[in-house]
Amino acid sequence: MKLLTLNTHSLEESDTPAKQRIFAREILKLQPDIIALQEVNQTMTAAPSQPGPDYTPAQHAIPVKADNHALALIRLLEQDGLSYHWSWLPAKVGYDKYDEGLALFSRKPILETADFLVSRTCDYHNYRTRRLLGIRTEDGWFFSVHMSWWSDEQEPFAAQWQSFLKQLPQDAPVYLLGDFNGDAACKGETHDLVTASGFADTWELARHKDAGWTVCGVIDGWRDQENVPARRIDQIWSRQPVNVSSSQVVFNGETQPVISDHFGILVQTED
């Protein structure tokens with residue numbers, strides 16, 4: 001099974017249509033079974049659109065708009081003969097003009113969705129509001145994750161993580177894919193807490209892997225943090241034992257062109 005995650009920074013990127021085409025072209029080559037995307041935006045004032053029969057709305061979904069980033073990707077992939085079942089969940093207002101949310105694409109049918117509020121605030125206009133989107137397929141639960149920072153005074157990661165654990169399904173395999181907003185190299189923080197909760201970092205399990213860096217330099221959300229050359233803040237976790245053959249950074253300018261301020265992660269497991 002191939003799992004891919006990417007924080008897309010969508011619609012805020014320059015030349016978004018070109019980057020959407022690059023994404024679709026490379027996905028056609030990679031053929032992931034599950035794709036988890038974060039910062040999947042649509043302009044709040046855009047016209048509504050029909051998402052198609054393979055779309056499964058989340059509980060708190062709103063109408064999909066014409067420039068929805070996930071919808072654009074789905075349509076480009078379909079043009080190339082690659083179909084995904086998909087879901088999208090808006091979590092908050094982004095950059096004062098977007099419905100910003102999470103998306104999941106699956107090659108297999110979506111059996112149900114999950115929509116978890118993990119922040120204390122549920123104010124749609126508060127950038128600290130955090131919701132997580134999950135889908136269940138015959139292979140288990142997959143969550144697209146975009147968490148808060150460890151040291152956020154109002155919405156610290158640890159509190160959001162405990163809220164998530166209380167809501168997490170217990171009767172099936174669980175995979176977490178996304179932007180954890182925590183540097184894996186920082187001891188005693190985000191990465192260690194997730195590990196202590198019984199999850200395994202697929203990068204650590206992988207027999208073949210690269211350095212794993214998903215952010216280089218300073219990006220939005222990290223401008224007040226120490227400037228380090230690279231961080232591993234995007235990760236894929238498994239709650240159950242899993243054999244991981246490889247973990248590879250993608251869309252980093254080496255394997256594929258850069259299309260966001262984050263790089264992506266592609267993990268391959270063995271059935």
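**Sheet, helix packing and selected residues of the predicted model**

His-9 is found in the loop between strand 1 and helix 1. In this predicted model, His-9 adopts a positive phi, near 50°, although the residue is not a glycine. Most residues other than glycine have a negative phi, and most peptide bonds are trans. The relative accessible area of His-9 is 8%, and the residue is therefore buried, the limit being under 20%. Leu-11 is also placed in the loop between strand 1 and helix 1. The phi of Leu-11 is positive as well, at about 65°, and Leu-11 is likewise not a glycine. With a relative accessible area of 18%, Leu-11 falls under the 20% limit and so counts as buried.

The strands that follow belong to an open sheet. Seven strands make up this sheet, in the order 3-4-2-1-15-14-10, and their pairing is mixed. Strand 3 (85-94) and strand 10 (208-209) form the edges, each pairing on one side only. Within the sheet, strand 1 (residues 2-7) is paired with strand 2 (residues 34-43) in the parallel sense, over five bridges. In this pairing, Leu-3 is positioned opposite Ile-34 of strand 2.

Strand 3 and strand 4, by contrast in direction, run antiparallel and are joined by nine bridges. Leu-89 stands opposite Leu-102 of strand 4. Strand 3 and strand 4 form a hairpin with three residues between the strands, and in this hairpin Tyr-95 takes a positive phi near 55°. Although strand 3 is an edge strand, it is mostly covered, with nine of its ten residues buried.

Two helices were examined in relation to the sheet and to each other. Helix 1 (residues 16-30) lies across strand 1, strand 2 and strand 15 (264-270), and its direction makes an angle of about 165° with strand 1. Helix 2 (residues 69-79) lies across strand 2, strand 3 and strand 4 (98-106), at about 35° to strand 4. Strand 2 is thus crossed by helix 1 and by helix 2.

Two packed helices are described by the angle between their axes and the distance between the axes. For helix 1 and helix 2, the axes come within 9 Å and cross at roughly 50°. Helix 1 is therefore oblique to helix 2. The crossing of the two helices is right-handed. The contact between them involves Gln-20, Arg-21, Phe-23, Ala-24 and Ile-27 on the side of helix 1, and His-69, Ala-72, Leu-73, Leu-76 and Leu-77 on the side of helix 2.

Two buried strand residues illustrate the surroundings of individual side chains. Asp-99 is located in strand 4 and is buried, because its relative accessible area of 4% is under 20%. Leaving aside residues up to four places away in sequence, Asp-99 touches Val-40, Asn-41, Gln-42, Met-44, Ile-62, Lys-65, Trp-88, Pro-90, Lys-92 and Tyr-124. For one of these contacts, Lys-65, the C-alpha atom is separated by 9.4 Å from that of Asp-99, the two residues being 34 apart along the chain.

Ile-135 is placed in strand 6 (residues 131-137). Its relative accessibility is 0%, so that Ile-135 counts as buried. Residues in contact with Ile-135, again excluding those up to four places away in sequence, include Ile-34, Ser-87, Leu-104, Ser-106 and Ile-110. Glu-112, Thr-113, Gly-140, Trp-141 and Phe-142 are also touched by Ile-135. Ile-34, which stands opposite Leu-3 in the pairing of strand 1 and strand 2, is thus also among the contacts of Ile-135. The C-alpha atoms of Ile-135 and Asn-243, which are 108 residues apart along the chain, are separated by 22 Å.

The cysteines were considered last. A disulfide is a covalent bond between the sulfur atoms of two cysteines. The structure holds zero disulfides. For Cys-216, the closest cysteine sulfur is that of Cys-186, at 15 Å, which is too far for a bond because a disulfide requires sulfur atoms within 2.5 Å. Cys-216 counts as partly exposed, at 43% relative accessibility. Cys-122 has a relative accessibility of 55% and therefore counts as exposed, the limit being over 50%.

Definitions and conventions: Residues numbered from 1 in each chain as written. Predicted model: local features only at pLDDT ≥ 70, side-chain atom pairs only at ≥ 80, totals over all residues. Heavy atoms only, no water. Pairing = 2+ DSSP bridges. Helix = DSSP H or I, 4+ residues; strand = E, 2+ residues; numbered from the N terminus. Contact = heavy atoms within 4.5 Å. Axes fitted to C-alpha atoms, helices over the stretch in contact; angles between N-to-C directions. Buried < 20%, exposed > 50% of the residue type's maximum accessible area, 1.4 Å probe, protein only. Parallel < 35°, antiparallel > 145°, perpendicular 65-115°, else oblique. Left-handed = near helix turned anticlockwise from the far one by under 90°.
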